[in-house]
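Here are some notes to read alongside the model. Please keep the structure open and follow the points in order.

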Amino acid sequence: PPAKAAAVRNAFLSFFRDRHSHRLVPSASVRPRGDPSLLFVNAGMNQFKPIFLGTVDPRSEMAGFRRVANSQKCVRAGGRHNDLEDVGRDLSHHTFFEMLGNWAFGGEYFKEEACSMAWELLTQVYGIPEDRLWVSYFGGDPKTGLEPDLECRDIWLSLGVPARRVLSFGLEENFWEMGVTGPCGPCTEIHYDLAGGVEAPQLVELWNLVFMQHNREADGSLQPLPQRHVDTGMGLERLVAVLQGRHSTYDTDLFSPLLDAIHQGCGAPPYLGRVGAADKGRTDTAYRVVADHIRTLSVCIADGVSPGMSGAPLVLRQILRRAVRFSTEVLRAPPGFLGSLVPIVVETLGDTYPELQKNSTQIVNLVSEDEAAFLSSLERGRRIIDRTLKRLGPTDMFPAEVAWSLSMSGNLGLPLDLVELMLEEKGVQLDSAGLARLAQEEAQHQVQQAEPVREHGLQLDIHALGELQRRGVPPTDDSPKYNYSL
Ligand code: ATP
Ligand code: MG
Ligand code: MG
Ligand code: MG
């Protein structure tokens, strides 16, 4: 039988501890400690940033770290690495995922050892057939004067990877950066071919090995780091899918208990794993969004980030509302449903991350309260719409001011595209010219305040507002950066 996720995670950690003398360190909280450049912890390396920058307190335990490995809770929503819009649409991106990583600090080992350890683990310990693995390396960037990493290419060839499966890419793919600023460097990635055997490979990225050498400064320039380091990260969910012979991270024991519970609790048709146009009523998308989002909500709340009005809490609030909409409107979940999924997350992840067990009651309560609050905002919104409609003549458009005020966060905070959907259901047209005018005023106001917002990685709202301004209509499902699209 295929290895369970827990065994896959453990095999990674014991490989680096027992075979290659790494010290195991616990996952950091998803709430970044003292790093305003991040909304959430988005990679295993975040907690080691002081080591990379050479600013680590020499009296701290971290100062003695040479070889370490761990399994890190990561959230990629908002900020530089923002995968929120992909969740539900594809079968490999999550807002919360676990990143398995190993590190070599201060030149303890470098490219050759890093690549050969990764290859040994994947092919010998996990038994992945070599011919299903493709690798990529940094092909250089003439504009910035960064050299191609031919050393890395040669390492892969010497490990026996045939040249046709060793590809080079530029800055976008093979130069990893933590955020707008911070440690960065050329990287080499290992991809798995889901198709296997046929002409065109169907690749999913498994593991990224970064050779940390620079720091991206606030002025955009690259400065050399005091020392070189290895920093790697592999998505547990994708690895488990590969080892369980699946094309989708959702078809693994990390997600199937959640999908089963959604099926039972909502009475929706069973999950069939369809994507894109094949997923007609968007049932399968909704299953994925709800399963993904409840994990993120649980992990974040356990680490002390609750849904709120700005920064990371605001992103979490959007995640909660998205989960509520998909569960109630698509899957027809009964009120209070989201909270009932929390114990399943705790069951699946609680042994590895005990803070989930410790805070489980509080997580259930918070999710349930916020779900109820959002459902009641929706209800109040519907009543305000009905009342407004009574005042209108048969050919009148719905007043922009009312729609706008429903959307203000100090009021009900209903996203504009949702308001528009609600109006559509009533067969009324929204005064979109009026709305564009209001949006333009707001956008100007926002742009004046853009600097501090940008610092927190929240270009998102500006983007949506810019969109409003440009098109004069509220963003809809096809404007990819808008969070609430359903
Ligand atoms: P992708 O190109 O698939 O978006 P990435 O290049 O952004 O991945 P990295 O920053 O290199 O990812 O992170 C290291 C590893 O973490 C990836 O190789 C992948 O296995 C995993 N990973 C990254 N983003 C996600 C995500 N949103 N959900 C699940 N796993 C992820
Ligand atoms: Mg990505
Ligand atoms: Mg990538
Ligand atoms: Mg990558």
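Which residue of β9 is the bridge partner of W103?

1. **The pairing of β3 and β9.** This is a predicted model. In it, the residue opposite W103 is D231, which belongs to β9. That bridge is part of a wider pairing. β3 and β9 run antiparallel, with 4 bridges between them. Start here, then move to the other neighbour of β3.

2. **The pairing of β2 and β3.** Strand β2 covers residues 67–75. It is joined to β3 by 9 bridges, again in the antiparallel sense. Two pairs are handy for finding the register. A69 has N102 of β3 as its bridge partner. V75 is matched with F96 of β3.

3. **β1 beside β2.** β2 also pairs with β1, and here the strands are parallel. The two share 2 bridges. L24 stands opposite A69 of β2. A69 thus appears twice in these notes: it faces L24, and it is bridged to N102 in β3.

4. **How covered are these strands?** Buried or exposed, what are the residues of β3? Of its 9 residues, 9 are buried. β2 is mostly covered too, with 8 of its 9 residues buried. In a regular strand, side chains alternate between the two faces of the sheet. β3 can be read that way. F96, E98, L100, N102 and A104 point to one side. F97, M99, G101 and W103 point to the other, and all of these residues are buried.

5. **The shell around ligand 1.** How many residues surround ligand 1? There are 17, and the closest are D83, F97, N208, G233 and G235. Four elements each supply at least two residues of this shell: β3 (96–104), β8 (203–216), β9 (222–235) and α6 (236–243). The largest share is from β8, with 4 residues. By type, the shell holds 6 nonpolar, 6 polar and 5 charged residues. F97 links this point to the last one: it is among the closest residues to ligand 1, and it is buried in β3.

6. **The largest nonpolar core.** This core has 113 residues. Those touching the most other members are A118, V290, A291, I294, A323 and L331. Helix α8, residues 283–302, gives the most to it, with 11 residues. Where does the core lie relative to the domains? Domain 1 (5–243) and domain 2 (255–380) both contribute residues, so the core lies between them.

7. **A291 and a separate core.** A291 is worth a closer look. Leaving out residues up to four places away in sequence, it touches Y250, F255, L258, L259 and I262. Apart from the largest core lies another, of 11 residues. Its members include F398, L416, L418 and L430.

8. **Helix α14.** This helix spans residues 416–426. Its buried residues are L416, D417, L418, V419 and E420. They pack against α13 (400–407). Two of them, L416 and L418, are also named in the core of 11 residues. After α14 comes G427, with a positive phi near 75°.

9. **V8 in helix α1.** V8 is found in helix α1. Why is V8 counted as buried? It has 22 other C-beta atoms within 10 Å, and the cut-off is 20 or more. Setting aside residues up to four places away in sequence, V8 touches A3, L236, L239, V240 and L243. For a sense of scale, take V8 and L159. They are 151 residues apart in sequence and 24 Å apart in space, C-alpha to C-alpha.

10. **Two positive phi values outside glycine.** Please check S21 and R332. S21 has phi near 55°, a positive value in a residue other than glycine. It lies in the loop between α1 (5–19) and β1 (23–24). S21 counts as exposed because it has 10 C-beta neighbours inside 10 Å. R332 is not a glycine either, and its phi is positive at about 60°. R332 is found in the loop between α9 (311–330) and α10 (337–349). With 12 C-beta neighbours inside 10 Å, R332 counts as exposed. That number sits on the limit, since exposed means 12 or fewer.

Key:
Residues are numbered from 1 along each chain as its sequence is written. Chains are lettered from A and ligands numbered from 1 in the order in which they are written. This is a predicted model: local features need pLDDT of at least 70, side-chain atom pairs count only at pLDDT 80 or more; totals for chains, interfaces and linings use all residues. A residue is near a molecule or strand if its C-beta atom, placed from the backbone, lies within 6 Å of it. Ala, Val, Leu, Ile, Met, Phe, Trp, Tyr, Cys and Pro count as nonpolar, Asp, Glu, Lys and Arg as charged, and the others, Gly among them, as polar. Two strands pair if DSSP finds at least two bridges between them. A nonpolar core is a set of buried Ala, Val, Leu, Ile, Met, Phe, Trp, Tyr and Cys residues joined through C-beta atoms within 7 Å. Domain bounds come from an automatic or database domain assignment. Two residues are in contact if their C-beta atoms, placed from the backbone, lie within 7 Å.
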